[in-house]
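Colleague: Please take a close look at one part of this model, the sheets, and fit it into the whole. Start from the overall picture.

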Amino acid sequence: MAKLGVLTFHRCINYGSFWQARSLVHGLRSLGTDPIVLDHHSARVTRAEWRCAMQPLLPERTSRADIPLYASKIRKFQSALASVPMSPPFTLDAPAGAEECDIVVVGSDEVWNLRHPWYGGCSLFYGEGLSAKRTVSYAATFGNHPAANGLEPYWAERLRKFDGISVRDDNSRAIIEKDVGREATLVLDPCLQFPETISFGPNTLASRPYIAVYGHSFPSWFQHAVRHWAKTRSLPLVSIGYRNEWADEQWLDAGPYEFAACMAGAEAVATNFFHGCIFSLLNAKPFVTVLSDYRSNKIADLAHTAGAERHVVSQETPQTGYETLLAEAPSPAIARRLAELRRQSRTYLTDVLA
């Protein structure tokens with residue numbers, strides 16, 4: 001059996017990063033492979049991750065009361081990583097010690113985002129320094145790096161050496177086709193591609209109905225509209241993972257498995273995060289989402305790909321729009337589109353892994 005490595009942002013203290021890494025590994029295993037995550041380490045990145053996890057709402061400082069809750073969240077992420085098979089550790093910026101593989105799968109996540117605050121410009125994710133006979137990507141993305149800005153020849157040349165390229169959004173596909181001169185297959189995020197890999201932890205909210213709020217720094221008009229809808233139905237708003245003062249309750253120390261259970265158990269979801277949308281679609285939950293500067297490419301392209309554009313609201317969306325979007329499950333046409341994309345994604349994977 002070929003030795004298969006997965007290169008991604010597996011140590012991010014972020015629900016989406018954890019789940020897409022775990023789902024990709026366990027999904028690849030379901031295809032008859034035995035993958036491991038290539039366990040890169042960097043003191044610089046770890047410091048940045050911990051600062052962000054402890055102070056997620058900067059420039060607003062975390063209150064003293066919230067610090068132990070965010071610290072508990074970090075510990076739960078570290079514990080959850082034990083369920084992911086990993087290679088011996090190696091240094092991110094000097095990967096000579098990385099395990100040799102027959103195939104390395106780069107992605108999912110913003111592995112090619114040159115604007116990422118601490119991973120941006122790391123050449124390892126562009127294939128530099130990897131010990132592999134073949135290198136392919138799965139559901140990789142350039143994040144908030146817009147196609148209009150192009151890709152410098154230095155980075156484009158490295159991606160030309162990949163044996164197979166797949167991305168999860170139209171913005172990334174445009175960059176690959178225009179600047180790299182390669183065809184890029186559009187595939188699903190691993191959580192949507194392999195829904196059976198999602199495991200659920202305890203949900204302390206399970207005894208009552210609630211609306212899940214996932215994200216932070218929501219615009220005031222969005223807060224007002226969601227609160228109004230929830231109040232008319234006497235449903236509490238529960239903010240998971242981040243403090244949102246406009247929510248009725250805060251579940252700041254939820255770990256990855258508790259997050260999955262919370263999203264699955266919610267009556268509806270209000271989010272401005274990419275994986276808030278992913279988990280809403282995964283569980284066929286009513287949801288609304290709003291674009292932010294950092295995530296506009298990812299969310300807008302996901303909505304377009306899945307045919308879920310109407311779930312992206314703006315300041316012009318009337319209150320009656322929320323009445324429908326937060327009360328009714330996503331259209332069956334979305335499920336049909338996702339099923340089609342699953343077949344396309346599986347075909348890509350079986351081809352590049354053959």
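Colleague: Of the 354 residues of the protein, what percentage count as buried?

Modeller: The model is predicted, so everything below describes a prediction. Of the 354 residues of the protein, 57% count as buried. The overall dimensions come next. A compact globule with 354 residues would have a radius of gyration near 20 Å, and the protein agrees because its own value is 20 Å. The C-alpha trace spans about 60 × 45 × 40 Å along the principal axes. About 14,300 Å² of the protein is exposed, and carbon and sulfur atoms supply 51% of that area. Consider also which parts of the chain meet: among contacts with a separation of 6 or more, 76% are between residues 24 or more positions apart.

The protein has twelve helices and 13 strands. Strands of a sheet pair through backbone hydrogen bonds, either parallel or antiparallel. Two sheets are described here, beginning with the one of five strands.

This open sheet has the order E11-E10-E9-E12-E13, and its pairing is parallel. At its edges are strand E11 (249-251) and strand E13 (287-289), each of which pairs on one side only. From one strand to the next, the twist averages 20°.

Strand E9 makes a good starting point for a walk through this sheet. Strand E9 (residues 211-214) pairs with strand E10 (residues 237-240) in the parallel sense over three bridges. Two of the residue pairs can be named: Ala212 has Val238 in E10 as its bridge partner, and Val213 has Ser239 there. In the order of the sheet, E12 is the other neighbour of E9. Four bridges join E9 to E12, again in parallel, and among the partners are Ile211 in E9 and Ala268 in E12.

Now look at the side chains of E9. Ile211 and Val213 are on one side of the strand, Ala212 and Tyr214 are on the other, and all four are buried, leaving both faces covered. Strand E12 (residues 268-271) is likewise covered on both faces: Ala268 and Ala270 are buried on one side, and Val269 and Thr271 are buried on the other. From E12 the walk goes on to the edge strand E13. Three bridges join E12 and E13, which run parallel, with Val269 opposite Phe287 in E13.

The sheet of four strands can be read in a similar way. This sheet is also open, with the order E2-E1-E5-E6 and parallel pairing. Strand E2 (35-37) and E6 are at the edges; each has a single partner strand, so one side of each has no neighbour in the sheet. On average, neighbouring strands here are turned by 25° against each other, direction ignored. Strand E1 (residues 4-7) runs parallel to E2, joined to it by three bridges. One of the bridge pairs is Val6 with Val37 in E2. Helix H12 (residues 332-353) lies across E1, E5 and E6, and runs at about 170° to E6.

Two buried residues help to show the surroundings of these strands. The first to consider is Ser108, which is in the loop between strand E5 (101-106) and strand E6 (132-137). Ser108 has a relative accessible area of 1%, and buried means under 20%, so Ser108 counts as buried. Leaving aside residues up to four places away in sequence, Ser108 touches Thr8, Gln20, Leu24, Tyr138, Ala139, Arg168, Asp189 and Pro190. With Gln20 there is a polar contact between the two side chains, at 3.3 Å.

The other residue is His40, found in strand E3 (residues 40-41). His40 is buried too, because its relative accessible area of 3% is under 20%. With residues up to four places away in sequence left out, the residues that His40 touches include Leu7, Thr8, His10 and Arg11, as well as Phe90 and Phe125. Thr8 can be placed more exactly: its backbone oxygen is 2.7 Å from a polar atom of the His40 side chain. Thr8 is also among the residues touched by Ser108, which makes Thr8 a shared contact of Ser108 and His40. As a last distance, His40 and Gly121 are 81 residues apart in sequence, and their C-alpha atoms are 15 Å apart in space.

Note on methods
Residues numbered from 1 in each chain as written. Predicted model: local features only at pLDDT ≥ 70, side-chain atom pairs only at ≥ 80, totals over all residues. Heavy atoms only, no water. Buried < 20%, exposed > 50% of the residue type's maximum accessible area, 1.4 Å probe, protein only. Polar contact = N/O pair within 3.5 Å; in protein donor to acceptor, adjacent residues only side chain to side chain. Contact = heavy atoms within 4.5 Å. Pairing = 2+ DSSP bridges. Axes fitted to C-alpha atoms, helices over the stretch in contact; angles between N-to-C directions. Rg over C-alpha atoms; globule rule 2.2 N^0.38 Å. Areas by Shrake-Rupley, 256 points an atom, 1.4 Å probe, with all protein chains shown as cover.
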